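Reader: I'd like a close look at one part of this protein, the surroundings of a single arginine inside it. Could you walk me through that part and then show me how it sits in the rest of the chain?

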Amino acid sequence: MSVTDNKKDKESGLGETVKVVVQALLLALIVRTFLFQPFNIPSGSMKDTLLIGDYLFVSKYSYGYSRYSFPFGLAPFSGRVWGATPERGDVAVFKLPTDTSVDYIKRVIGLPGDTIQVIEGVVHINGEPVQRERIDDYIEQSAIGQVRRVPRFRETLPNGVSFETLDLTQNGQMDNTREYKVPEGHYFMMGDNRDNSIDSRYQTRVGYVPYENFMGRAEILFFSIKDETPAWQIWTWPWSVRWERIGRTL
């Protein structure tokens, strides 16, 4: 084999490698844009449904597609295509209305046209209190071994969706609110950790979420690691990974 032939073989091999990499990147982009996108949880606003260090897949097709379904919101259209409306009780990822560079994850509580109010810690939808049952406490332990018990409740929305919420503080800042009238085309979102969630109750910081801002519905946890432990530290996984949470559906 001549030097020229050897050079051609190397160039051909490099070209094939580049081609495979490009195809893989395009496939990943298509999956991320149209099917499933991974997200991780950086805060405790959805405890104990979602914990800091949880990694989950969000189905991008659940609500159809808006410009926020695409990287950097660059799609040249407004509104949604192939849209399906969020349902009460869905855990959804959306672009923060007051800063669309920020992704939020909360639960859908109020639908367009609903009236929402919190009275003594109980959510009222259209004047009716949401069913709320006290269950066993949520127990969390700090890195230094301190144990805290947090009152936990099971709430059931009018459509039958049930989930657990935490009540860190009696008579918390947002345990009694004014009435919120959800505008058409918007949704009222709340975190399950009711006293530690910046959500639609804070009108100047979150407010009502436009339908267009929804990115997808949270579906399944594919990984979970304890607070502040980097996921790339594989050698810590035997004791830092929450193995029991992996595969949990939402």
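Author: Here is the arginine, followed by the cores and sheets of the chain.

A quick note before we dig in: this is a predicted model, where local features need pLDDT of at least 70, side-chain atom pairs count only at pLDDT 80 or more, and totals for chains, interfaces and linings use all residues. Residues are numbered from 1 along each chain as its sequence is written, and side-chain values use heavy atoms, with hydrogens and water left out.

The arginine is R88, and you'll find R88 in the loop between β2 and β3 (91-95). Strands here are DSSP runs of E with at least two residues, helices are runs of H or I with at least four, and both are numbered from the N terminus. R88 has 12% relative accessibility, so it counts as buried; the cut-offs are under 20% relative accessible area for buried, over 50% for exposed and partly exposed in between, using a 1.4 Å probe and protein chains only.

What does the side chain of R88 reach? It gets to the backbone oxygen of I109, at 2.9 Å. Contact means heavy atoms within 4.5 Å, and if you skip residues up to four places away in sequence, R88 touches V108, I109, G110, L111, D114, I125, L157, P158, N159 and V161.

Two of those names, I109 and I125, come back in the largest nonpolar core. That core has 15 residues, and I109, I116, V123, I125 and F188 have the most contacts inside it. A nonpolar core is a set of buried Ala, Val, Leu, Ile, Met, Phe, Trp, Tyr and Cys residues joined through side-chain atoms within 4.5 Å. β5 (115-119), β6 (122-125) and β12 (186-190) each supply at least two residues of this core. Take F188: leaving aside neighbours within four places in sequence, its contacts are R107, V108, I109, G110, I116, Y180, V182, S200, R201 and Y208. Apart from this core lies another one, of 13 residues, with Y68, I105, M215 and A218 among them.

Now for the sheets. One is open, with 7 strands in the order β1-β2-β14-β3-β4-β12-β13 and antiparallel pairing; two strands pair if DSSP finds at least two bridges between them. Its edge strands are β1 (36-40) and β13 (209-210), each pairing on one side only. Further in, β2 (residues 54-59) and β14 (residues 214-224) run antiparallel and are joined by 6 bridges, with R217 in β14 as the bridge partner of S59.

Another open sheet has 3 strands, ordered β8-β9-β10, again with antiparallel pairing. β8 (131-141) and β10 (162-166) each have a single partner strand, so one side of each is left without a neighbour in the sheet. Between β8 and β9 (residues 147-156) there are 9 bridges, and I135 stands opposite R152 in β9.

One more residue worth a look is K47, in the loop between β1 and β2. K47 is buried too, with a relative accessible area of 16%. Beyond neighbours within four places in sequence, K47 is in contact with Y138, E140, L166, D192 and N193. K47 and D192 are 145 residues apart in sequence, yet 6.1 Å apart in space, C-alpha to C-alpha.

Stepping back, the chain has 2 helices and 14 strands, and 43% of its 250 residues count as buried.

Notes: Polar contact = N/O pair within 3.5 Å; in protein donor to acceptor, adjacent residues only side chain to side chain.
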